[in-house]
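Got your viewer open? Let's take a short tour, one selection at a time.

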Amino acid sequence: MNSGKNILLVDDHLVVRKGVEMIFKANISNATVYNSEDYIQALEVLRVVQMDIVLLDININGTENIKIMKEIKSIQPNVKI
């Protein structure tokens, strides 16, 4: 079991995800960073892995970010978004 921080990056731009991942890994030595390019992938990951933080792009393919935040909280109520 991972005793470090689990972080999920949700953004439709690969360069953004990779850049933010590099920043997290450089500053949080025990971070495990997961990536998702869309909300569907993000929800699938959240159903399997307990996250500490979700860094969420507010606009992916026109999906309402308030709706996705509610869905995330329904899966993992204590996660920080």
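Start with the whole chain: of its 81 residues, 35% count as buried. Keep in mind that you're looking at a predicted model.

Now switch to cartoon view. You should find 3 helices and 3 strands, and if you trace them from the N terminus the order is β-α-β-α-β-α.

Next, show just the C-alpha trace. Along its principal axes, the trace spans about 35 × 25 × 15 Å. The radius of gyration is 12 Å, which agrees with the value near 12 Å for a compact globule of 81 residues.

Turn on the surface. About 5,300 Å² is accessible, and 56% of that belongs to carbon and sulfur atoms.

Now colour the charged side chains: 9 are positive and 10 are negative, with the centres of the two sets 7 Å apart. Side chains of opposite charge can pair when their charged atoms come close. How many salt bridges does the structure hold? The count is 2.

To see them, zoom in on helix 1, residues 14-27. Select Lys-18 and Glu-21: their closest N and O atoms are 3.5 Å apart, forming a salt bridge. The two residues sit 3 apart, about one turn of the helix.

Add Lys-25 to your selection. Its side chain meets that of Glu-21 in a salt bridge of 3.1 Å, N to O, and these residues are 4 apart, again about one turn. Together, Lys-18, Glu-21 and Lys-25 make one network through shared partners.

Last stop: is Glu-21 buried or exposed? Its relative accessibility is 11%, so Glu-21 counts as buried. Lys-18, at 42%, is partly exposed, and Lys-25 is partly exposed at 45%.

Definitions and conventions
Residues are numbered from 1 along each chain as its sequence is written. This is a predicted model: local features need pLDDT of at least 70, side-chain atom pairs count only at pLDDT 80 or more; totals for chains, interfaces and linings use all residues. Side-chain values use heavy atoms; hydrogens and water are left out. The radius of gyration is taken over C-alpha atoms; the globule rule is 2.2 Å times the number of residues to the power 0.38. Buried means under 20% relative accessible area, exposed over 50%, partly exposed in between (1.4 Å probe, protein chains only). Accessible areas come from the Shrake-Rupley method with a 1.4 Å probe; for residues, only the protein chains shown count as cover. Lys and Arg count as positive and Asp and Glu as negative; His and the chain ends are not counted. The place of a charge is taken as NZ of Lys, CZ of Arg, CG of Asp or CD of Glu. A salt bridge is a side-chain nitrogen of Lys or Arg within 4 Å of a carboxyl oxygen of Asp or Glu.
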